[in-house]
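Here is a short briefing to read alongside the structure. Please have the 3D view open as you go.

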Amino acid sequence: MHDRLMALADELAAEGESAATPCPDPVNAAMIRNWTQALGDRSGRWSEYAPPAMIQVWSMAGPDERPQPGGRSGQVGREETASPDRILSMLDEAGYVGVVATNCEHTYDRYLRLGEELSTTVLFDGVTGPKRTALGEGYFVTWYERWYSGGERVAEMLFRVLKFKPRGDAPPAPSGGRYPLRPAVGPDTRFFWDGVRAGELRIQRCAECGVLRHPPGPMCPACHATKRDHVTAAGRGVVHSYVVHHHPPVPGLTPPYVVALVELEEGVRIIGDLLGCAPGDAYVGMPVELEFQRMDEELTLPQWRPAGTAPAAVEEPEHAEGEAGLRIELTPTFVISTALATRDLTPVHHDPAVARAQGSADIFLNILTTIGLVQRYVLESRPDARLAGIALRLGVPAYAGDTLTLTGRPGGDGALEVRGAVGAGDHVVATVRLKEPA
């Protein structure tokens with residue numbers, strides 16, 4: 001399948017930009033009102049123009065027009081060879097039935113006026129894979145879509161999805177801000193986690209011969225005795241070896257970051273993240289010190305930092321001075337209504353059974369809603385700004401029942417860097433380009 005897939009990808013890329021296909025509806029107030037109400041935009045600013053982040057909605061297909069199964073949410077009537085639908089269908093047939101969007105980049109040439117009639121084209125970019133991801137093995141599929149009013153281009157979008165084989169082991173459903181990854185605590189390890197809660201790094205010791213061991217176990221590897229107690233480590237050591245983690249995503253962590261095997265002064269070795277250290281600065285033999293990292297109200301993890309450096313501060317969302325974040329409760333109603341308002345009928349955004357069958361904990365926010373919420377945050381904090389483009393990358397899913405908090409800070413060239421965080425970590429990181437300084 002891989003060779004046929006790549007051959008088809010080369011064929012589609014060589015065809016270039018497709019012929020234009022008319023969008024089904026002109027830019028109209030009813031669809032704008034439905035979109036803004038679902039996303040919580042109460043600004044009233046869209047009486048003359050359409051929200052720029054809404055651009056993809058104008059060419060989304062209806063329920064009877066969607067390619068099945070798992071095809072692109074594009075306009076009905078487009079020639080088959082001009083879109084990624086053949087690629088997506090081939091992946092479906094090979095068992096890659098899961099789909100999630102990962103990247104989206106909008107460029108707004110100008111704002112659209114009510115009544116304009118649009119057409120859209122597709123330019124296929126390529127396929128990469130197979131890749132191992134947290135969701136399962138998959139392929140990344142990328143294409144461009146362009147919108148025209150008459151002969152004038154008014155917007156362009158780069159869109160990338162991951163088509164994957166679901167693993168079948170859905171992660172635990174989120175519970176507010178509870179960190180989703182939990183240690184396995186049993187009779188052999190309970191003393192260790194009790195120590196962590198008490199602010200101690202405890203090492204198991206044989207009560208017969210005194211040999212220290214980690215990880216903990218039921219029997220001494222030296223004398224085979226089963227009696228044990230523990231000592232409290234000083235919390236100092238050196239990096240014995242390390243890796244720089246890039247992929248797959250881990251909740252609450254932004255790659256790349258360093259995971260180190262630390263040799264303690266007491267002689268045993270333990271694994272933990274190396275906090276406050278850029279990947280290029282880590283080295284074997286680096287002196288490190290213990291630091292306890294609080295993950296949520298119940299869980300703390302023992303981690304490490306370069307010796308002599310200040311403890312890593314608890315990361316707080318960054319935003320411009322005097323500017324509050326935008327907090328959104330992701331109720332099931334919000335997740336479903338925004339998916340429908342953006343005309344994204346992919347079942348993982350409204351059908352919990354389908355979402356869980358594909359390895360998700362629950363229904364989750366769709367990327368069209370996320371980009372709309374980024375726009376809402378920027379324009380609520382900078383009402384006079386005009387958007388030139390939004391480039392975003394998705395991280396952990398934003399599941400129903402969680403809370404999304406959007407914050408921002410100034411970036412380069414007058415742009416705004418926006419971060420959207422949920423309980424498990426960063427859901428989205430976006431760069432918003434502005435036509436005029438805010």
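What follows covers a sheet, a helix and a pocket.

This is a predicted model. Its open sheet is built from 10 strands with antiparallel pairing, and its second largest pocket has a volume of about 510 Å³.

**The sheet**
- If you trace the open sheet across, the strand order is E1-E3-E4-E5-E2-E15-E18-E17-E16-E14.
- Strand E1 (21-22) and strand E14 (326-329) stand at the edges with a single partner strand each, so one side of each has no neighbour in the sheet.
- Strand E15 (residues 387-394) and strand E18 (residues 425-434) run antiparallel and are joined by seven bridges.
- To find your place in this pairing, look for Leu-394, which stands opposite Val-428 in E18.

**Helix H7**
- Helix H7 takes in residues 367-381, and at 1.5 Å a residue its 15 residues should span 21 Å; the end C-alpha atoms are 21 Å apart, which agrees.
- H7 is mostly covered, with 13 of its 15 residues buried.

**The second largest pocket**
- The volume of this pocket is about 510 Å³.
- The lining has 26 residues, and those closest to the centre of the pocket are Ile-271, Gly-272, Leu-301, Pro-302 and Gln-303.
- Helix H4 (190-197), strand E10 (257-264), strand E11 (269-274) and strand E13 (300-306) are the elements that give two or more residues to the lining.
- Strand E11 gives the most to this lining, with five residues.
- Sorted by class, the lining has 18 nonpolar, five polar and three charged residues.

Conventions:
Residues numbered from 1 in each chain as written. Predicted model: local features only at pLDDT ≥ 70, side-chain atom pairs only at ≥ 80, totals over all residues. Heavy atoms only, no water. Helix = DSSP H or I, 4+ residues; strand = E, 2+ residues; numbered from the N terminus. Expected span 1.5 Å × (residues − 1). Buried < 20%, exposed > 50% of the residue type's maximum accessible area, 1.4 Å probe, protein only. 1 Å grid on protein atoms, 1.4 Å probe; cavity = no way out; pocket = protein on both sides within 12 Å on 5 of 7 lines; lining within 4 Å. Points joined across faces, edges and corners; volume = space filled by probe spheres on them. Nonpolar A, V, L, I, M, F, W, Y, C, P; charged D, E, K, R; others polar. Pairing = 2+ DSSP bridges.
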